Amino acid sequence: MIEPTEAAAPAPSDFIRDIVSQHVAEKRYPGIVTRFPPEPNGYLHIGHAKSICLNFGIARENAGRCNLRMDDTNPTKEDVEYVDSILTDVRWLIAGWADHVLGMRSVSGSEAPYYASDYFEQLYEYAVALIRKGRAYVCDLNAEETELYRGSPDKPGRESPHRSRPVAESLDLFQRMRAGEFPDGARALKAKIDMGSPNIWLRDPVLYRIRHASHHHTGDAWCLYPMYDFAHCLSDYIEGVTHSICTLEFEVHRPLYDWILESLELPRALPRQYEFAKLIPSYTIVSKRKLIQLVNEKSVSGWDDPRMPTISGIRRRGIPAAALRRFVTSVGVTKYESVTEIALFEHTVREALNALALRRMAVLRPVKLVIANIPEGEAIPCEAVDNPQDDNPRTRHVDLTREVFIDADDFSEAPPPKYFRLKPGGDVRLKYACIVTCTEVVKDASGRVAEIRCTADLDSKAGGANAARKVKGTIHWVSAASAFEAEVRLYDRLFTQADPEIGGDFRQTLNPHSLEVVTAKLEPCLRDARAEERYQFERLGYFTLDSADSTPDRPVFNRTITLRDTWAKSGDR
RNA sequence: UGCCCGAUAGUGUAAUGGCAGCACAGCAGAUUCUGACUCUGCUUGUCUAGGUUCGAGUCCUAGUCGGGCAGCCA
């Protein structure tokens, strides 16, 4: 769904979109085609979300297409589990926004993503063509020798002894590499470019390597696999991609991307590569390797743990796709590598949730409040608003009874200055109900507050004679008679430091309080909570039903994010 | 001491040779049956040095600082 805040946002503009617009104006291509090319070796995270929104965004703004393509050229690292999660995550992120430009392959009636591995045969033919042109050769050097021959950034490399091998010999060897005649690493196909180039990637880079390994998509059909540089540019070309957008670390690969395509003397217009700076939010990590570590070391419950910066974690946390899109779009597209304050994301999430969340009352750390002048068994119906942000807000009823629960935070025996909540002898409004005055505090044997007693000004309820009576504070509550208990998971940032790597190891800065589980008292209508719905527990934050662990008789709620709390921040408390 | 890329408030970003703006964060206040939302005000910026120009954040040169590149990973 496109939400109002997203719809109202101005069309994004950045240096890549400027280039695309120019190409559209000069009719350089028949249509604009981009692609999102993840390697299925991990779950997608917030950084990928930026790439998805950029690529699909450009496609939808130009009536083009964005292909979803698995960049699966390394069988030893990839798995179908990741293919499936990628598909789910992309569909969720673009749903209602860019599904109409999603480029997929039709396979026997149903849709499937593109796979670079589906092009292995064509890619092999292109490699043969390159050999025939004298632009590639089979090299017998092993990996260590290749590294030695490559030189270093400030020292040119040396030419391989096999560099001038006759074309026919390379052709024969390459065919035998495919046939499985040689073990892993015995030979490789290399581009014949320039061992003296200041750009390392132009020093006869490896194009194909031998890997006797099964591939998650092609099975055992191949023991010869193309490298990223060879497969990527040609996959783009095969699919008719016009703008191949990637992150900054591939900038030095661009000359190779162009070299391969140009060397092949292809008939159609060539795709071009453009690079942008990836998204790095503070208080989190976006490295697949490190995210895998968090999962494997059980620092989190899995890839979709609501604290994870993965798209699946963000979804489970209760963050709407539109909010994620709006955030990754709002940070812009530049070539400046920066760290984006997570506060910007949190703001976007609150903005989206404030507009759509249903207000409910929930008490996280219950303390009993007994209202002396309400007889036992009596229920005073009160009208509560579902969402005051709506033009014509809907309402529901909550019953005020003799015994209610309030949050422990909302009562203080020794309140700090400017404390607006309940205190001995003080009064406070029970939201949607009436004003109560604290008359007595009952403690248990250990000295803890066991029960608070008060009297209510029954006329201060909406519609009553004292409805307009003002008090400093208003607190939420639930009726002890009708509230039910449920598990509520209070999530916080996964790391305590803006830069989790500050001390050298991100595991040292994990936030020990990133998850707190409480048994809360919830207002009865929350029994009908739905997974797609977003709720605001009044004065506390935004919550949603946990998609994985909830059952109909045992709901589990996740806190997506707290409300902004200037009182807590003021330091007065 | 190779090559490539970058640098605008605390953070992110805009200004395409012509008034340095926006959002977030922060601070102060108003409002409030959510210490939320909303509203008002405030603080804070063009890395440095030269050059071109009537005029430079923008163009040129040099420097400084930061990032990337030496996988048969992507």
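The legends below describe an overview and several close-up views of chain A in a predicted model.

Residues are numbered from 1 along each chain as its sequence is written, and chains are lettered from A and ligands numbered from 1 in the order in which they are written. Because the model is predicted, local features need pLDDT of at least 70 and side-chain atom pairs count only at pLDDT 80 or more, while totals for chains, interfaces and linings use all residues; side-chain values use heavy atoms, with hydrogens and water left out.

**Figure 1. Overview of chain A, with 14 helices and 28 strands.** Helices (H or I, at least four residues) and strands (E, at least two) are DSSP runs numbered from the N terminus. The C-alpha trace of chain A spans about 100 × 50 × 45 Å along its principal axes. Of the 573 residues in chain A, 51% are buried; buried means under 20% relative accessible area, exposed means over 50%, and partly exposed lies in between (1.4 Å probe, protein chains only). The accessible surface of chain A comes to about 25700 Å², with 49% of that area belonging to carbon and sulfur atoms. Accessible areas come from the Shrake-Rupley method with a 1.4 Å probe, and for residues only the protein chains shown count as cover. Among contacts between residues at least 6 apart in sequence, 71% join residues at least 24 apart; a contact means heavy atoms within 4.5 Å. Chain A carries 75 positive and 83 negative side chains, and the centres of the two sets lie 2 Å apart. Lys and Arg count as positive and Asp and Glu as negative, with His and the chain ends not counted. Each charge is placed at NZ of Lys, CZ of Arg, CG of Asp or CD of Glu.

**Figure 2. Surroundings of Asn 67 in strand 2.** Strand 2 covers residues 65-70. Asn 67 is buried, with a relative accessible area of 0%. Its side chain makes a polar contact with the side chain of Arg 65 at 2.9 Å. A polar contact is a pair of N or O atoms within 3.5 Å; within protein, one must be able to donate a hydrogen and the other to accept it, and residues adjacent in sequence count only if both atoms are side-chain atoms. Leaving aside neighbours within four places in sequence, the contacts of Asn 67 include Val 33, Phe 36, Tyr 114 and Glu 239.

**Figure 3. Pro 37 in the loop between strand 1 and helix 3 (46-61).** Pro 37 counts as buried, at 17% relative accessibility. Beyond its neighbours within four places in sequence, Pro 37 is in contact with Arg 69, Asp 71 and His 232. From Pro 37 to Cys 66 the C-alpha to C-alpha separation is 10.0 Å, and the two residues are 29 apart in sequence.

**Figure 4. Two loop residues, Lys 27 and Ser 108, with positive phi.** Most residues other than glycine have a negative phi. Phi of Lys 27 is near 55°, and this residue is in the loop between helix 2 (15-25) and strand 1 (33-36). Lys 27 is exposed, with a relative accessible area of 68%. Phi of Ser 108 is near 40°. Ser 108 is in the loop between strand 4 (105-107) and strand 5 (110-112) and is exposed, at a relative accessible area of 75%.

**Figure 5. Strand 8 (residues 188-191), covered on both faces.** Ala 188 and Lys 190 on one side, and Leu 189 and Ala 191 on the other, are all buried. Strand 7 (residues 136-139) pairs with strand 8 in the antiparallel sense over 4 bridges, and Val 138 stands opposite Leu 189. Two strands pair if DSSP finds at least two bridges between them. Strand 8 also pairs with strand 9 (residues 206-210), antiparallel over 3 bridges; there the bridge partner of Lys 190 is Val 206.

**Figure 6. An open sheet of 7 strands with mixed pairing.** The strand order is 13-26-27-28-24-25-14. Strand 13 (358-360) and strand 14 (362-363) stand at the edges, each with a single partner strand, so one side of each is left without a neighbour in the sheet. Strand 13 runs parallel to strand 26 (residues 535-537), joined by 3 bridges, and Arg 360 stands opposite Phe 537. At the other edge, strand 14 pairs with strand 25 (residues 515-522) in the antiparallel sense over 2 bridges; Val 363 has Lys 521 as its bridge partner. Strand 25 also pairs with strand 24 (residues 484-491), antiparallel over 8 bridges, with Arg 489 opposite Val 517.
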